[in-house]
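Here is a short briefing to read with the model open beside you. It goes through helix packing first, then the wider chain, then the domains.

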Amino acid sequence: MQPLARKIKVTFWPLLFFKTFMQPFALDEKERSTMKKKSLASIVSMFLVAILVLAGCSSSNEGGSSGKSSKDQVTIDIFQFKVEVKDELENLVKVYEKENPDVKINVKTVGGGNDYGASLKAAFSSGDEPAIFNIGGPSDVEEHRAHLADLSDTDSAGIAFEGTLDTVTDGEEILGLPFNQEGYGFVYNTRIFEEAGVNPEDIKTFEDLEKAVTKIDSQKEDLGLEAVIALAGKEKWVMGNHLANIFFATEFDNSSLVAYESDTIAFEKSNELKRHLDLENKYSAQPVLSLDYSQQVEELFSLERVAMIQQGNWIYNSVYDMDPDLAENGIDLLPIPVEGYEGKIPAGVPMYWAVNSNKDDEVVEASKAFLDWMYTSDTGKTAVLEDFKFVPAYEGYDAEKIADPLSQTIYEYASAGNTIAGWVYNGSPAGWSQEVLGAGMQKYLSGDVEWDDMIDNAREKWEAERK
Amino acid sequence: MRNRDFSFWLFLTPVILSLSLVVIVPFFYGFVYSFTNWNGIHATEFLGIKNYLGLYKDAEFRSAIWFTTKVAIVSVILLNFLGLGLALLVTQKMRTSSLMRTIFFMPNLIGGLILGFIWQFIFISVFGSIGDKFGVEALTGWLSTTKTGFWGIVILTAWQMAGYIMIIYIAYLESIPKDLIEAAEIDGANSFQRFRNITFPLVAPAFTISMFLTLSNSFQIYDQNLSLTDGGPYNSTQMVAMSIVKTAFTENKMAYAQSQAVIFFIIVAIVAITQVYYNKKREVDL
C-alpha cells in the first residue's frame, strides 16, 4: 500500500481533504464507464436547470430598479447609513406611502461610517444609483459634486439652524439637508457632582475644571469611585477628532470649509490642548491606551465608577441599557472649558441627506418632498423627536419632547445660539484627525514622543496632503 | 478520458468563471489602478510609478510590514510547534482523544472578529484583575503597549489556528506505517529516537502544507487585528492588511492603497514560493 503521504504529497490543501473524504466513494473502472453513459443526460439536464435558475435571478433584479415602474408611480430609493433608526425610518416611510399612494420608497441601510462610504461608491460605479443618499464633510461634497441636486428651494433648508448648512453650500446652491445634530462635552453624573459639592455651572475655565476634578479626586474613596474621569485613549476619534477640534476650531473661523481649504494648521492652542489632555489622563482610570468606548461608557460611567467622561449625546442609549434610571435622571452635559469658548457646546451635523440629480426631475422633486415632509410636517417631526430620538438641526421643535437629557441640553444650547457650529475636524485631510493627530496623541500618552514633535509631525502631514 | 472535452469543462466552468470574476479580473484592474489617481469612483490621471515612490518613503507602511513580518515569523514557529504537539497528543491511545480533537479544533470555528473581542476581554479584564490581585505587574495594562499588543495578536492567532494545523499533522501521523515503528522498536530505538528518525521525516510533507498555510495566514491577519487592538496604541500594532484598508477607506487614497496591496502581494508570493520550493526538496519519499 502506498502511504497517504506519498500519494498526496504537496497538493493544494483543500484537495487533501477532498481526496480523504471522497476515497470511499471512488468508483472502479467498470462502474465508471457505465456511469458515463448514464450521467451524460443528467449532466445536461443539470446544466439546463442551472441556467434557468440564473436566468430567474437576473429577471427578478430588474423589478427592483428605480425610476417609474407602473403608470404614474414614482419610486425613490433611499440609501442611508444610520443603522440605529433603520426600523423607525421604514415605519415612517410606510406612513408617507399611505398618505401619498403615488410614491413608492425603498429604504436600504448600510451601517458604519467607512462601510457606508465604500458601498455608496460601489452603488454609483455599478449604475445602481440611489435617489436619496447621505454625505458627510466637504470631501464627500467634492467627490459627489457632479450628481448633487440643489435643495435650496426646500422648506427644511429654510429652517435649518444657522451654520449647519455651511459645509454643503456651494454659491447659491444648498446640496444637503442636515440629518440631525450631535454635540459633546463632559457628560457628568449629577449625583456624584452634588455629593462631592461641585457645581457644574461654576466650571467656566480650565482652572475651574482642575479645581473641580481635584476636589472630586480627594473624595474618591467616600464616593466609591475608581477615578474621576475615564479617558477612552484607545478611541482615536475621542482625542483626535473631538477633543482637538475645540482647540483648533478658532483658527478656521469654526468652519470646516475654511479648514478644508487651508494649506496648514497653526495649532495656536497646542499647549492648552496638551494641558487638557494631561489633566484628563492624570485623573483617568488606567491604562488609558487600552480603554475603549464600551469600557468608558458602559463599564465605568454607567456603573457610576467615574464621575465624568468626555463624550456626546449619542451615549444615551448605551447608558439607558445599563441603567435606565441613571440615564433619565442622573446625567447631564457640560461644555469643555476652553478660552474664548466658555459656555459653548460644539455641535455638529454628522451626515447630510443628498438628492441625486442624475435621476428624472420627477424623482428629484418627490425626494425633496419626502425630506421636507419628514422634517416639517407634524407626523414627521414627532417621529424625528420621539422615534429617531434625534436632536433636530431645525428650528421650531418642542425641546420638551426630546427624549433624553443630553439631547435636550444640546437643543437648548443650539436654540440659544450657544453652540460652536460645525465640527471643524471634518475639514481636515481625510483620515488626518484620527490616523495622524489621534494616533500622535496616543503616542504622546505612551511616552514615546515629545508633544511638540508630535504636533510638528501632524502639521507636516497636513501640509503634505494639501500641496 | 474521451469525455474530458465536455464534462470536464462543464464542471470547471462555474469555478473558472467565479474565480476569474472575483479574483483574477479585479487583480488586474487593481494593478492598473495602482498607476493612476483612482479615488474609488473615477481615475483621471495616469501617475506612473508615483504611488510606488511614495510608498518607499511611507514610514507607517514600512512599520506595518515590519510588524507583520515579526508576527508571521513568531506565529509560524509557535503554530507548527503547537500543532504538531497537539497532534502527537491526540494520536496517543487515549480514551478522550477524539473529544480532545474536537476541543482543540473548536476555536477555529469561531470567527476572528468575535475571538478578537473575547480575547480583548481576557487580556484587559481577566489578566488585569489577576495581575492586580496577585501583584503581578506583567499582567496589567495588556494591549496598551506595542509589546503586549504584539503578543496579544500572536497568542490569539496561535490559539485559533493550532487546532487546524493539528488536523493536518494528524492525517500524516496516522498514515505512518505501523511496521516501521515496530521495526525500530525491535531494533532498540527509544521513543525520542523513533520520533526523530521515523515520525519526523515522514511528516515532512505536512510541514510544507502547514508552513505555507500558517505563513500566508499570518501575513493576511485582518479581523483579529481589527477587533483585538485596532492598530493601537498609535497604529504601532497595525498589520499590512489593516494598513491597506485604512489607507483606502479612511484616508480615501484608493490608488495608493492599491499600490500597497500590489507590493504586499509580491512580498507574500515570494515568501510562499521560496518556502514551498525548499520544503519540497527536503521531503522524504518512502
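**Helix packing and domains at a glance**

In this predicted model, helix α3(B) passes α6(B) in a right-handed crossing. A second helix, α5(B), also passes α6(B) in a right-handed crossing. The points below take these two pairs in turn and then step back to the chains.

**α3 against α6 in chain B**

- Helix α3 of chain B covers residues 59-90, and its axis lies 6 Å from that of α6(B).
- The two helices pack at an angle of about 40°, and α3(B) is therefore oblique to α6(B), since angles under 35 degrees would count as roughly parallel.
- By class, the residues of this contact between α3(B) and α6(B) are 20 nonpolar, four polar and one charged.

**α5 against α6 in chain B**

- If you want to find this pair on screen, helix α5 of chain B spans residues 112-134 and helix α6 of chain B spans residues 146-174.
- Their axes come within 11 Å and cross at roughly 125°, so α5(B) is oblique to α6(B).
- On the α5(B) side, the residues that meet α6(B) are G112(B), L115(B), G116(B), W119(B) and F123(B).
- Their partners in α6(B) are G152(B), L156(B) and Q160(B).
- The residues of this contact of α5(B) with α6(B) divide into four nonpolar, four polar and no charged.

**Chain B as a whole**

- Chain B has 12 helices and zero strands, so to speak an α-only run of elements from the N terminus on.
- Along its principal axes, the C-alpha trace of chain B spans about 75 × 75 × 30 Å.

**Domains of chain A**

- Chain A is divided into two domains, each in two segments: domain 1 is 70-181 + 349-397, and domain 2 is 182-348 + 423-465.
- The C-alpha centres of domain 1 and domain 2 of chain A lie 31 Å apart.
- Where the two domains of chain A touch, 11 residues of domain 1 are in contact with 12 residues of domain 2.
- The side of domain 1 of chain A that touches domain 2 of chain A has four nonpolar, six polar and one charged residues.

**Confidence**

- The mean pLDDT of chain B is 84, and 97% of its residues reach 70 or more.
- For the complex, the predictor gives an ipTM of 0.71 and a pTM of 0.72.
- As a general reminder, predicted coordinates should not be read in detail where pLDDT is low.

Terms used. Residues are numbered from 1 along each chain as its sequence is written. Chains are lettered from A and ligands numbered from 1 in the order in which they are written. This is a predicted model: local features need pLDDT of at least 70, side-chain atom pairs count only at pLDDT 80 or more; totals for chains, interfaces and linings use all residues. Axes are lines fitted to C-alpha atoms, for helices over the stretch in contact, and angles run from 0 to 180 degrees between N-to-C directions. Helices (H or I, at least four residues) and strands (E, at least two) are DSSP runs, numbered from the N terminus. Angles under 35 degrees count as roughly parallel, over 145 as roughly antiparallel, 65 to 115 as roughly perpendicular and the rest as oblique. A crossing is left-handed if the near helix is turned anticlockwise from the far one by less than a right angle, and right-handed if clockwise. Two residues are in contact if their C-beta atoms, placed from the backbone, lie within 7 Å. Ala, Val, Leu, Ile, Met, Phe, Trp, Tyr, Cys and Pro count as nonpolar, Asp, Glu, Lys and Arg as charged, and the others, Gly among them, as polar. pLDDT is the predictor's confidence in each residue, from 0 to 100. Domain bounds come from an automatic or database domain assignment.
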